[in-house]
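Work through these short exercises with the structure open beside you. Each task is followed by a stepwise solution.

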Amino acid sequence: MTLRSDTAAALYAEVAAVQSASRLPSICAGVVQDGKLAWTGSRGQFVSRHGGLPDSDTQYRIGSISKTLTAVLVMQCRDDGLLSLNDAVGKHLPGIAFGHLTIRNLLAHSGGMHAEPAGPWWERNPGVPFEVLTAAMESSEAAAEAEQRHHYSNLGYALLGEIVARLRSASWAELVQQRILDPLEMRRTSYLATGRAASGFSVHPWSGRLEDEPAYDSGAMAPAGQLWSTIEDLGRYAAFWIDPVREVLAPDTVEEMAAPRASDPAEALDASYGLGLRLHAAESHLLVGHSGSMPGFLAGLFVDRARRLGGITLANATTGGVRGVPMLAIDLLRTLASYEPPVAAEWLPEPELSQGSELLGPWYWGNTPYLLTVVDGALLLSGLNGGRQSRFVPEGSDLYRGLDGHFAGEYLRVIAPDHLDLATYTLTRTPYGR
């Protein structure tokens with residue numbers, strides 16, 4: 001798949017602008033169109049201290065994008081019946097501080113757990129075993145009450161990584177490899193840097209010179225930010241969030257992860273957090289993914305699942321412009337949508353319904369008009385004045401269940417030819433049934 005030359009030029013101009021403004025030794029970027037990597041671009045001449053041009057197969061550290069893989073492992077355990085998201089953490093990690101929080105709390109950063117582990121700055125020091133990490137944990141250090149608000153916690157993801165490791169009797173790294181990377185054919189994503197990999201740098205704020213940054217094994221904190229990857233591999237990973245691979249996660253589980261769970265009031269409705277995914281509002285569209293940072297590295301990956309678009313960015317710098325590289329992924333996605341908007345699906349005649357044809361046409365809730373039509377083989381109930389909308393499928397004779405929208409999971413019952421019951425709402429063929 002190839003983009004138009006003007007689209008590619010606009011994307012490259014954005015990458016070049018961020019590289020220059022954020023003083024990045026190197027940056028790689030890519031966009032996904034219709035679920036496939038459609039363009040890559042790079043800028044900068046210092047993959048390492050000795051120079052070198054980046055490309056789409058150059059490894060960079062992806063930081064907290066690693067959390068999304070940890071969340072996938074947790075949801076796999078849930079789907080396999082090994083845990084419930086409402087389980088207390090202490091059920092799986094007996095005696096641990098914060099054991100009263102639920103797994104759902106940790107996934108959504110809604111438990112009030114403090115952000116970082118006690119001791120030296122974990123990102124800049126060799127990692128420690130889980131027992132050492134948790135020995136210094138104290139519930140009294142909570143930043144907030146559970147369920148009060150979104151409070152980002154790297155430490156919470158260390159606990160999630162340990163839970164899945166114990167449930168599966170394998171290390172977090174082994175599970176990532178076997179249960180995510182191998183099925184998605186992400187061959188250039190790894191625990192430690194392999195092959196052609198960028199060096200991490202700090203750009204001195206006054207001299208503009210490059211200073212080496214550490215790249216340690218994070219030990220027990222690895223589930224929060226350890227992994228390395230490439231634009232090519234993250235293109236495959238972005239495509240997974242658009243078209244879920246059942247061997248990894250069922251589509252319904254991905255939908256569940258991409259629903260808002262916790263938010264920071266300071267961000268209003270612009271951003272929130274799902275189950276392991278960062279959510280951003282872009283006009284009328286929902287973007288899901290994650291940003292990432294580790295010493296010497298910045299990253300971003302976001303997708304618009306409905307429009308089948310994605311943006312990916314990787315850079316090797318610690319700079320003051322932390323927002324630039326991760327949010328560039330969103331800017332690239334928007335530019336792609338602006339230059340080459342997704343083409344609407346071709347309309348095709350609907351198949352004959354197995355039941356329910358006699359229900360088609362106008363209905364009224366009180367005096368509010370609704371319409372039942374057929375869309376994609378299901379009954380679609382929609383308000384004529386822009387009200388609630390849901391699709392319904394048969395679950396028995398004269399019985400239907402909502403697939404999505406406001407009435408998802410609710411039952412629509414046929415009481416009489418001119419009388420429907422929808423979750424106690426009465427629908428009639430004429431206003432108020434008169």
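**Exercise 1. Helix α2**

Task: In this predicted model, is helix α2 largely enclosed or open, and does its length agree or disagree with the expected span?

Solution:
- Step 1. Set the cut-off: buried means under 20% relative accessible area.
- Step 2. Count. Of the 15 residues of α2, 13 are buried. The helix is therefore largely enclosed by the rest of the structure.
- Step 3. Work out the span. Helix α2 covers residues 65–79, and at 1.5 Å a residue it should span 21 Å.
- Step 4. Compare. The C-alpha atoms at its ends lie 22 Å apart, which agrees.
- Step 5. Look just past the helix. G81 has a positive phi of about 80° there.

**Exercise 2. Strand β1 and its neighbours**

Task: Which way do the side chains of β1 point, and which strands pair with β1?

Solution:
- Step 1. Recall the rule. Side chains in a regular strand alternate between the two faces of the sheet.
- Step 2. Apply it. I27, A29, V31 and Q33 point one way from β1. C28, G30 and V32 point the other way.
- Step 3. Check burial. Strand β1 spans residues 27–33, and seven of its seven residues are buried.
- Step 4. Find one partner. Strand β11 (residues 309–315) runs antiparallel to β1 and is joined to it by seven bridges. Here I27 stands opposite A315.
- Step 5. Find another partner. Strand β2 (residues 36–43) also pairs with β1 in the antiparallel sense, over seven bridges. Q33 has K36 of β2 as its bridge partner.
- Step 6. Inspect the turn. The hairpin of β1 and β2 has two residues between the strands, and D34 takes a positive phi near 50°.

**Exercise 3. The barrel**

Task: How many strands form the closed barrel, and in what order do they run?

Solution:
- Step 1. Trace the sheet. Eight strands close the barrel in the order β12-β13-β14-β15-β16-β17-β18-β19, with antiparallel pairing.
- Step 2. Add the turn between neighbours. Ignoring direction, adjacent strands of this sheet are turned by 35° against each other on average.
- Step 3. Take one pair. Strands β18 (residues 419–422) and β19 (residues 425–428) are antiparallel and share four bridges.
- Step 4. Pick a facing pair. D421 stands opposite T426 in β19.

**Exercise 4. Aromatic contacts**

Task: How many aromatic pairs does a search of the whole structure find? Which parts does the pair of Y60 and F297 tie together?

Solution:
- Step 1. Count. The search finds nine aromatic pairs.
- Step 2. Classify one of them. Y60 and F297 are edge-to-face, at 6.4 Å centre to centre with 85° between the planes.
- Step 3. Place the residues. Y60 lies in strand β3 (residues 60–61) and F297 in strand β10 (residues 297–304), so the pair ties together parts 237 residues apart in sequence.
- Step 4. Check burial. Y60 has 0% relative accessibility, so it counts as buried. F297 has 2%, so it counts as buried too.
- Step 5. Contrast a stacked pair. Y237 and F240 lie 6.2 Å apart centre to centre, with 10° between the planes.
- Step 6. Relate that pair to its helix. Y237 and F240 are three residues apart in α9 (residues 231–242), so about one helical turn separates them.
- Step 7. Extend the picture. Y60, W228 and F297 form one aromatic cluster.
- Step 8. Add a charge. R124 lies over the face of W121, at 4.7 Å from the ring centre.

Note on methods
Residues numbered from 1 in each chain as written. Predicted model: local features only at pLDDT ≥ 70, side-chain atom pairs only at ≥ 80, totals over all residues. Heavy atoms only, no water. Pairing = 2+ DSSP bridges. Axes fitted to C-alpha atoms, helices over the stretch in contact; angles between N-to-C directions. Expected span 1.5 Å × (residues − 1). Buried < 20%, exposed > 50% of the residue type's maximum accessible area, 1.4 Å probe, protein only. Phe/Tyr/Trp six-rings, centres within 6.5 Å; stacked < 30°, edge-to-face > 60°. Lys NZ or Arg CZ within 6 Å of the ring centre and 35° of its normal.
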